[in-house]
Amino acid sequence: MIVLGTALLILSGCGGAGGSTPTVDISTGNGQTAAAPAEASCGETADKVKQRVRRPEIRSVAVEGQCTSVSIKTALDDGESGKAKQICDAAAEVAYSEDTNAIRVLGRSGKELSVGIANAPCLAQP
């Protein structure tokens, strides 16, 4: 049992440097690292959101979770969820795609102020 647990820890990887997830090159069947095709579209999604939602409160826009979620970090205070919802609504106009299905707007403290999912209106958090 201990051996199995140790093996799982080793196989799950304690994350090496680099930040890129290795993928198997299916065309050759070898385990070489290949650039994931979705990475380019992730950057495009973040750029589209940055262009659409130009507000001084926005500190950064990133696509996370294998392109499934847009995370917008802001300088908003915790009580400004109404403004965060406006940011989320604007981002929703361009963010959703085959891969991206969620938006999170975070305040200065890291609190989630607004959230949106594809095919639904953004919600302001209390």
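This is a conversation between a student and a tutor about reading a predicted protein model.

Student: Let's start with the overall layout. How many helices and strands does the protein chain have?

Tutor: Keep in mind that we're looking at a predicted model. The protein chain has 3 helices and 5 strands. Walking from the N terminus, you meet them as α-α-β-β-α-β-β-β.

Student: Okay, and how do I read the sheet? In what order do the strands sit?

Tutor: The general idea first: strands of a sheet pair through backbone hydrogen bonds, either parallel or antiparallel. In this model, the sheet is open, has 5 strands in the order β1-β2-β3-β4-β5, and shows mixed pairing. The edges belong to β1 and β5, each of which has a single partner strand, so one side of each has no neighbour in the sheet.

Student: Which way do β4 and β5 run relative to each other, parallel or antiparallel?

Tutor: They run antiparallel, and 2 bridges join them. To find one in the model, look for Val 115, whose bridge partner in β5 is Leu 123.

Student: Next, the core. Which residues of the largest nonpolar core touch the most other members?

Tutor: Here's the background: in soluble globular proteins, nonpolar side chains tend to be buried together. In this model, the largest nonpolar core holds 21 residues, and Val 49, Val 70, Ile 72 and Ile 103 touch the most other members. At least two residues of this core come from each of α2, β1, β2, α3 and β3. The largest share, 6 residues, is supplied by α3.

Student: What is Val 49 in contact with, leaving aside its neighbours within four places in sequence?

Tutor: Its contacts are Val 61, Val 70, Ile 72, Ala 91, Val 94 and Ala 95. Two of those names, Val 70 and Ile 72, were also on the list of core residues touching the most other members.

Student: And what share of the chain is buried?

Tutor: Buried residues account for 27% of the 126 residues in the protein chain. As for the outside, the accessible surface is about 8,100 Å², with 57% of it belonging to carbon and sulfur atoms.

Student: Now the disulfides. How many does the structure hold?

Tutor: There are 2, and counting bonded cysteines along the chain gives the pattern 1-2, 3-4. One joins Cys 42 to Cys 67, with an S to S distance of 1.3 Å in the model. This pair links distant parts of the chain, 25 residues apart: Cys 42 is in helix α2, and Cys 67 is in the loop between β1 and β2.

Student: Are Cys 42 and Cys 67 buried or exposed?

Tutor: Cys 42 is buried at a relative accessible area of 13%, and Cys 67 is buried at 4%.

Student: Where do Cys 88 and Cys 122 lie?

Tutor: Their sulfur atoms are 2.1 Å apart, forming a disulfide. Cys 88 lies in helix α3 and Cys 122 in the loop between β4 and β5, so this disulfide ties together parts 34 residues apart in sequence. Cys 88 counts as buried at 0% relative accessibility, and Cys 122 counts as buried at 3%.

Student: What does the torsion about the S-S bond of Cys 88 and Cys 122 tell me?

Tutor: The torsion is about -70°, so the disulfide is left-handed. For Cys 42 and Cys 67 the torsion is also about -70°, so that disulfide is left-handed too.

Student: Last topic: salt bridges. How many are there?

Tutor: The structure holds 6. One of them pairs Glu 93 with Arg 52, the closest N and O atoms being 2.5 Å apart. Glu 93 belongs to helix α3 and Arg 52 to helix α2, so the pair ties together parts 41 residues apart in sequence. Glu 93 counts as exposed at 53% relative accessibility, while Arg 52 is partly exposed at 39%.

Student: Where do Asp 89 and Lys 85 lie?

Tutor: Both are in helix α3, 4 residues apart, which is about one turn of the helix. Their side chains meet in a salt bridge at 2.8 Å, N to O. Asp 89 is partly exposed at 30% relative accessibility, and Lys 85 is partly exposed at 28%.

Key. Residues are numbered from 1 along each chain as its sequence is written. This is a predicted model: local features need pLDDT of at least 70, side-chain atom pairs count only at pLDDT 80 or more; totals for chains, interfaces and linings use all residues. Side-chain values use heavy atoms; hydrogens and water are left out. A salt bridge is a side-chain nitrogen of Lys or Arg within 4 Å of a carboxyl oxygen of Asp or Glu. Buried means under 20% relative accessible area, exposed over 50%, partly exposed in between (1.4 Å probe, protein chains only). A nonpolar core is a set of buried Ala, Val, Leu, Ile, Met, Phe, Trp, Tyr and Cys residues joined through side-chain atoms within 4.5 Å. Contact means heavy atoms within 4.5 Å. Accessible areas come from the Shrake-Rupley method with a 1.4 Å probe; for residues, only the protein chains shown count as cover. Two strands pair if DSSP finds at least two bridges between them. A disulfide is a pair of cysteine sulfur atoms within 2.5 Å.
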